Amino acid sequence: MDGYAGTASVNLGTNYMAMMDDFYSPNSRECANWSCSKYRYFNGFAVGAVSGGVAAFYFDYVGGAGCSSDPRKDVCYVERSVGLTEQQNFANWFSYYRTRLMMAKAGVSEAFVKQPADIRLGYGAINQSGNTVDGVANTDSIVRGVRRFEGAGRTAFFDWLFAAQASGGTPLRRALGDAGQYYSRQDQQGPWSSTPGLAGGDAYACRQSYTILTTDGYWNGAAAAEQQAQGNVDNQNGPSISGADGQSYSYVPKAPFSDSHSIPWLTLPCITGAVTCIRAWPTECRSIRRIRPSGSIW
């Protein structure tokens, strides 16, 4: 059951089905790759009826004679019934939190449902490629460009989030690089426009922008698509960025981003991700010259 994208339900008071442990079943991966003959328990075991549901229950290990050497004996356990409150807690966990992907959906949705309409939000996913985003074809990782977080766009974000499924590897560096490429756009439909997705808007600099990357583990797979983002960027001086009032800034290597690693894929995952971000940060807005009245640049 998927509480985010499904409508099925189970009455835990009458139709609970316990799982079967098939870790050492004859068809398991372990038995296929190694010999199961040395395992006393290789056929799996059921902790409940093999067909037909019952009221929710669980077994509590109580120990006893011989249980330390053979903990799978029935006498080592006592059956416990599950009350209504426990049934609801279990149902909530199973429907919304039982996998890492579900937990990510829960955290993201809880954070963003509280956000106001005047923020601008775009979104994407790893292992996405060849999308057309706001007039630019062959865009990877990005699913939709930034929009005001309101109306149909707000609904579309949550629909997309709840329907998302996991597949493929974990090319986090490529995804961060693609986000940087998106932020480097300077056309009228790009992320800096007052009307993203539509022509005729004005491009504003100094708009605070962030990339939030949610993942279930370490990166693997492809590096950032842009060649310059694949080097040891965090240990190199960045280009000079000039504002309309004469102010300028350039990135100077410093902790925690600079390091002694010359090959980016040998660095720690979090630092490698930072390499990609540092490449995007000083270059994404370098030719936009419309500065806020404060004269600040970033």
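This is a guided tour of one predicted model, stop by stop, with a note on what to select at each.

**Before you start**

Residue numbers run from 1 along each chain as its sequence is written. Because the model is predicted, local features need pLDDT of at least 70 and side-chain atom pairs count only at pLDDT 80 or more, while totals for chains, interfaces and linings use all residues; side-chain values use heavy atoms, with hydrogens and water left out.

**The whole chain**

Show the protein chain as a cartoon: you will find 6 helices and 10 strands. Both are DSSP runs numbered from the N terminus, with helices (H or I) of at least four residues and strands (E) of at least two. Of the 298 residues, 30% count as buried. Here buried means under 20% relative accessible area, exposed means over 50%, and partly exposed lies in between, using a 1.4 Å probe and protein chains only. Now for contacts, meaning heavy atoms within 4.5 Å. Among contacts between residues at least 6 apart in sequence, 61% join residues at least 24 apart.

**Stop 1: valine 10**

Select valine 10, in the segment before E1. This residue is partly exposed, with a relative accessible area of 41%. Leaving aside neighbours within four places in sequence, valine 10 is in contact with Met1 and Asn15. Add glycine 53 to your selection: the two residues are 43 apart in sequence, and their C-alpha atoms are 9.8 Å apart in space.

**Stop 2: aromatic pairs**

Next, colour the rings. A search of the whole structure finds 20 aromatic pairs. Rings of Phe, Tyr and Trp (its six-membered ring) pair if their centres lie within 6.5 Å; planes under 30 degrees apart count as stacked, over 60 as edge-to-face and the rest as tilted.

Which kind of pair do tyrosine 16 and phenylalanine 57 form? Theirs is edge-to-face, at 5.6 Å centre to centre with 90° between the planes. Tyrosine 16 lies in the segment before strand E1 (20-21) and phenylalanine 57 in strand E3 (residues 57-61), so this pair ties together parts 41 residues apart in sequence. Both partners count as buried: tyrosine 16 at 19% relative accessibility, and phenylalanine 57 at 10%.

Move on to tyrosine 123 and phenylalanine 157. Their ring centres are 5.4 Å apart and their planes stand at 55°, so the pair is tilted. Tyrosine 123 belongs to strand E5 (residues 120-124) and phenylalanine 157 to helix H4 (residues 151-163), so parts 34 residues apart in sequence are tied together here. Tyrosine 123 and phenylalanine 157 are both buried.

Keep those two selected and add Tyr4, Tyr96, Phe112, Phe149, Phe158, Trp160 and Phe162: with Tyr123 and Phe157 they form one aromatic cluster.

**Stop 3: helices H2 and H3**

Two packed helices are described by the angle between their axes and the distance between the axes. Select H2 (residues 84-96) and H3 (residues 100-112), whose axes come within 8 Å and cross at roughly 95°. Such axes are lines fitted to C-alpha atoms, for helices over the stretch in contact, and angles run from 0 to 180 degrees between N-to-C directions. H2 and H3 are therefore roughly perpendicular (65 to 115 degrees). At the contact, Phe94, Ser95 and Tyr96 of H2 meet Met102, Met103 and Ala106 of H3.

**Stop 4: arginines over rings**

Phenylalanine 94 has another partner to show. The charged end of arginine 98 sits over the ring of phenylalanine 94, 4.1 Å from its centre. To count, NZ of Lys or CZ of Arg must be within 6 Å of the ring centre and within 35 degrees of the ring normal. Jump to tryptophan 219 for a further example, where the charged end of arginine 173 is 3.8 Å from the ring centre.

**Stop 5: the loops**

Zoom in on asparagine 127, in the loop between E5 and strand E6 (131-133). Although not a glycine, asparagine 127 has a positive phi of about 65°. Its relative accessible area is 40%, which makes it partly exposed.

Now select serine 141, in the loop between strand E7 (136-139) and strand E8 (142-148). Its phi is also positive, near 70°. Is serine 141 buried or exposed? At 7% relative accessibility, serine 141 counts as buried.

Finish at alanine 166, in the loop between H4 and helix H5 (172-183). Alanine 166 is exposed, with a relative accessible area of 66%. Draw a line between the C-alpha atoms of alanine 166 and asparagine 127: they are separated by 9.4 Å, with their positions 39 residues apart along the chain.

Key. Parallel < 35°, antiparallel > 145°, perpendicular 65-115°, else oblique.
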